[in-house]
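Work through the exercises below with the model open. Try each task before reading its solution.

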Amino acid sequence: MSVNSVIGGMSVAQLRGNEAVTNQIPVIDFGLLKQKSTLPARSVIIEDIKNACQKLGCFHVVNHGISKSVISGALEAASAFFQQAAEKKSEFESYDLRKPVRYEAALQGNNNKSRLLLKHYANPLKDWIPFWPQNPPHYRENMGAYSKEIQRVAVQLIDAILESLGLGSNYQTEKLENGMQLMALNYYPNKNTSQNFKLGLPAHSDYGFITIIFQTCDGLQISHNNGDTWQPVHIQSGALHVHLGDHMEVLSNGTYRSLVHQAVLGCEERISMASIHGFSMDEKVGALKELVDEQHPKRYRESSFRDFLEFISTGRNFGGKSFIKSLRIA
Ligand SMILES: O=C(O)CCC(=O)C(=O)O
Ligand SMILES: [Fe+2]
């Protein structure tokens, strides 16, 4: 296996900037979001975010200010980690997110999946970085720089999404700044080397408010009907893909829905970097009080990230939207 070729693929595809079509996924100009809330440009973007969240549960973000060198540095570190991990299979551990670092080898394609993954927390960076892999030696620095930038973008995006629900700007900024960031780094082989497995990661929705994904080539797919039909998410030069997680569905009392997605194997090896954002581990998330009244009663029980970890540790996680289904008030 050669994971380094992924980076070569990225520099050609991403730097050439010729993948203009985004399959009608709306593109949000992050630069305009940073304007003062009184300026008209920001309110237009907030309206675009509202439409995207309501209709699709996802959007792309451009002009986010994360440099190509920070993105390619993180990709290169992830790629080197997977390269070395694949060579020394003994280093893989069975995973448990209650431990700060999780990594797993599933290249043999058990459980209908075929990928390598590394998961670790990232915010606040100084608390988590001591748990990250020490090899390759530049892993912590490169992934740290990327995680920090993504966290900055995430806080502002979640703020904007809450504003699009009719709440004031900076509604939950402090809780978000101190909130959870979980980095999920995935390596997928090309489909010809994976014992005929076509699926890298089965259908699921993510925990958290939003997930921000950078993928080196196409492979991510989304579904609006719980997996009956799938729509590919095409890479767009320099753009980040953002989709809604289960806790955004809870927070918005069902106004916005979490997005079911999966990853398929393609003709190229692929790396994706998914960053999941929520409140801190023990903070309960329930419907915002402003969105609940007699006509709109609470639709979900409150839960925290720790509750989610408990849920998956008991083996009740059957993919799809099983966690949020367990929260529904009949
Ligand atoms: O590889 C991808 O594009 C999707 C990754 C993902 O959904 C996840 O890590 O939760
Ligand atoms: Fe996911």
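The exercises move from the whole chain to helix packing and then to strands.

This is a predicted model, in which local features need pLDDT of at least 70, side-chain atom pairs count only at pLDDT 80 or more, and totals for chains, interfaces and linings use all residues. Residues are numbered from 1 along each chain as its sequence is written, and chains are lettered from A and ligands numbered from 1 in the order in which they are written.

**Exercise 1. Take stock of the protein: how many helices and strands does it have?**

Step 1. There are ten helices and twelve strands. Helices (H or I, at least four residues) and strands (E, at least two) are DSSP runs, numbered from the N terminus.

Step 2. Turn to burial. Of the 330 residues, 43% are buried; a buried residue has 20 or more other C-beta atoms within 10 Å of its own, with C-beta atoms placed from the backbone.

Step 3. Turn to contacts (C-beta atoms, placed from the backbone, within 7 Å). Of those between residues at least 6 apart in sequence, 75% join residues at least 24 apart.

**Exercise 2. Describe how H4 and H3 each pack on H6.**

Step 1. H4 (residues 68-87) meets H6 (residues 139-164) at about 135 degrees, and the axes are 8 Å apart. Axes are lines fitted to C-alpha atoms, for helices over the stretch in contact, and angles run from 0 to 180 degrees between N-to-C directions.

Step 2. The angle therefore makes H4 oblique to H6. Under 35 degrees counts as roughly parallel, over 145 as roughly antiparallel, 65 to 115 as roughly perpendicular, and the rest as oblique.

Step 3. List the contact residues. H4 supplies Val70, Ile71, Gly73, Ala74, Glu76, Ala77 and Phe81, and H6 supplies Tyr139, Asn142, Met143, Ala145, Tyr146 and Glu149. By class, nine are nonpolar, two polar and two charged. Ala, Val, Leu, Ile, Met, Phe, Trp, Tyr, Cys and Pro count as nonpolar, Asp, Glu, Lys and Arg as charged, and the others, Gly among them, as polar.

Step 4. Now take H3 (residues 40-55). Its angle to H6 is about 85 degrees, with the axes 9 Å apart. H3 is therefore roughly perpendicular to H6.

Step 5. Here Ile46, Ile49, Lys50 and Cys53 of H3 touch Ala160, Ile161, Glu163 and Ser164 of H6. This contact has five nonpolar, one polar and two charged residues.

**Exercise 3. Trace the sheet that contains S8: what is its strand order?**

Step 1. The order is S6-S11-S8-S9, an open sheet of four strands with antiparallel pairing. Pairing requires at least two DSSP bridges between two strands.

Step 2. Find the edges. S6 (199-204) and S9 (231-232) each pair on one side only.

Step 3. Check the neighbours of S8 (residues 220-223). Four bridges join S8 to S11 (residues 260-264), with Leu220 partnered by Ala263. Two bridges join S8 to S9, with Gln221 partnered by Pro232.

Step 4. Compare the faces. In a regular strand the side chains alternate between the two faces of the sheet. Leu220 and Ile222 form the covered face of S8, and Gln221 and Ser223 the uncovered one.

**Exercise 4. Explain why S12 counts as largely enclosed.**

Step 1. S12 spans residues 270-278, and nine of its nine residues are buried, so the strand is largely enclosed by the rest of the structure.

Step 2. Sort by direction. Arg270, Ser272, Ala274, Ile276 and Gly278 point one way, Ile271, Met273, Ser275 and His277 the other, and all are buried.

Step 3. Identify antiparallel partners. S5 (residues 180-188) is joined to S12 by nine bridges, and Tyr187 stands opposite Ile271. S7 (residues 210-215) is joined to S12 by six bridges, and Ile212 has Ser275 as its bridge partner.

Terms used. Two residues are in contact if their C-beta atoms, placed from the backbone, lie within 7 Å. A residue is buried if 20 or more other C-beta atoms lie within 10 Å of its own, exposed if 12 or fewer, and partly exposed in between; C-beta atoms are placed from the backbone.
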